[in-house]
Amino acid sequence: MGSKEGERAMSADGVHGGSAELEAILNDGDMPIGKKLVAATCIEMKLLVNLAAPAVLVYMLNFLMSMSTQIISGHLGNLELAAASLGNTGIQIFAYGLMLGMGSAVETLCGQAYGAKRYEMLGVYLQRSAILLTATGIPLALIYAFSRPLLIALGQSPAISHAASIFVYGLIPQIFAYAFNFPIQKFLQAQSIVAPSAYISGGTLVVHVILSWLTVYKLGLGILGASLVLSLSWWIIVVAQYLFIVNSERCRRTWRGFSAQAFTGLSEFFRLSTASAVMLCLETWYFQILVLLAGLLKNPELALDSLSICTIISGWVFMISVGFNAAASVRVSNELGARNPKAAAFSVVVVTLLALAISALASVIVLALRDVISYAFTEGETVAAAVSDLCPLLALTLLLNGIQPVLSGVAVGCGWQAFVAYVNVGCYYFVGIPLGALLGFYFDLGAKGIWSGMIGGTVMQTIILMWVTFRTNWHDEVEVAVKRLEKWDTGITEPLLH
């Protein structure tokens, strides 16, 4: 075997070898239970950390890219800061959540196909997802184009709406970068190839900051220039990842060029993509509603200031959970595709306990620093007291965020997106939001009441997902995965274009 062939085989066989070894250990009836748990945990931890650590880094770097655009825009003036913030958090986050959610369909199918060693199917799934997401980007682009009247209709001031619409116009190319980035990202993650995306995102962040500074301050293009650079940076990530795929020996078996098979089975793929999008968007919008409700309180400025600080802290810690979400999805889907039910079940337990331990540590740190943590963001004893009052709820939220995203990742790995979407609707929108509004407004508990009620919805959702996950018959899930792959097997033999 040549060196290139050896590298190619090692990339796939290293993952499959670890999975096979894990399943063999778990099935070994002669090994003492203590020794079995230690050996299995060591293998699983290695597989998880290799996935989760780079994934966390990717999401944090991409988050920093948007944040740096906001900071650079903010130095132009208060109006520009408000415009960039509204454009990023009010409009762009909607497209981000929708596209990321739809891209999660690739996570299920590619992960299970890779585990089953049906490598040729991964490239076709990637292309199908990119086609659907590009089509979805067209109506999103129209929303961006008419963002000014939409923002005014939502009650925003005409001046901020006009400035925000200019910023949003520059983000239209970003929509279609999302359409390719998320399928590519999930395609690579399914093969446990995560580090290259982290390197690409890190390099792009440096380029992005330099180009943003030159465009905004030296060329004088203002917030439109800032948003155009952000769109360009996302396209740099897309192109770099694509070049890695077509030139890497690690993707030779999974990327066989563009194929006409990508245009078949789109209706089935669309249904799974839609369920994935609904599942994720319902979670994203849930916490946006928390901020919107806080703006309706008697003292909205103090409520929004304290909640903003808490949500920023929660957002940073949540990046860790998102990394474990990706790791859980890949591990479970790979093991189901490889017909390793015990390894899949063991992976769920290990990743849940590991994420819970990290989030528990974060919760303890927040509680220990509750009286001073706000001073990292703003001055003022009033805000500090309000943040300190909310910190117990923040700590509980961090704890739940250590479990809930992991369970959502398990659901994606199994293909349960539609079920989780129904659970989210019931728990979040029929329990959490009404309960929060009742406590916050009727019982006059303010921001604490709103947040407490919404945490109630999250607790209910987490309990349901835990109950379903840990009562799952993993042998049955293996059969479901096999049938899904047989149903959507492409039968592809030759590509149209390399």
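**Y217, two cores and a helix pair in a predicted model**

Q: Is Y217 buried, partly exposed or exposed?
A: In this predicted model, Y217 has a relative accessible area of 33%. Buried would need under 20% and exposed over 50%. Y217 is therefore partly exposed.

Q: Which backbone oxygen does the side chain of Y217 reach?
A: Y217 lies in helix α8, residues 195-218. Beyond four places away in sequence, Y217 touches I72, H75, L76 and S212. At 2.9 Å, the side chain of Y217 reaches the backbone oxygen of I72.

Q: How far apart in space are Y217 and V410?
A: Along the sequence, 193 residues separate Y217 from V410. From C-alpha to C-alpha, the distance in space is 46 Å.

Q: Which helix gives the most residues to the largest nonpolar core?
A: The largest nonpolar core has 63 residues, and M99, Y125, F187, W234 and I245 have the most contacts inside it. With 16 residues, the helix that gives the most to this core is α3, residues 78-115.

Q: How many residues does the second, separate core have?
A: Among the residues of this second core are L26, L354, V406 and V412. Its total is 43 residues.

Q: Are α2 and α9 roughly parallel or roughly antiparallel to each other?
A: Residues of α2, including N62 and M65, meet residues of α9, including W234 and I237. The axes of the two helices come within 9 Å and cross at roughly 165 degrees. Angles over 145 degrees count as roughly antiparallel. The pair α2 and α9 is therefore roughly antiparallel.

Technical notes
Residues are numbered from 1 along each chain as its sequence is written. This is a predicted model: local features need pLDDT of at least 70, side-chain atom pairs count only at pLDDT 80 or more; totals for chains, interfaces and linings use all residues. Side-chain values use heavy atoms; hydrogens and water are left out. Helices (H or I, at least four residues) and strands (E, at least two) are DSSP runs, numbered from the N terminus. Buried means under 20% relative accessible area, exposed over 50%, partly exposed in between (1.4 Å probe, protein chains only). Contact means heavy atoms within 4.5 Å. A polar contact is a pair of N or O atoms within 3.5 Å; within protein, one must be able to donate a hydrogen and the other to accept it, and residues adjacent in sequence count only if both atoms are side-chain atoms. A nonpolar core is a set of buried Ala, Val, Leu, Ile, Met, Phe, Trp, Tyr and Cys residues joined through side-chain atoms within 4.5 Å. Axes are lines fitted to C-alpha atoms, for helices over the stretch in contact, and angles run from 0 to 180 degrees between N-to-C directions. Angles under 35 degrees count as roughly parallel, over 145 as roughly antiparallel, 65 to 115 as roughly perpendicular and the rest as oblique.
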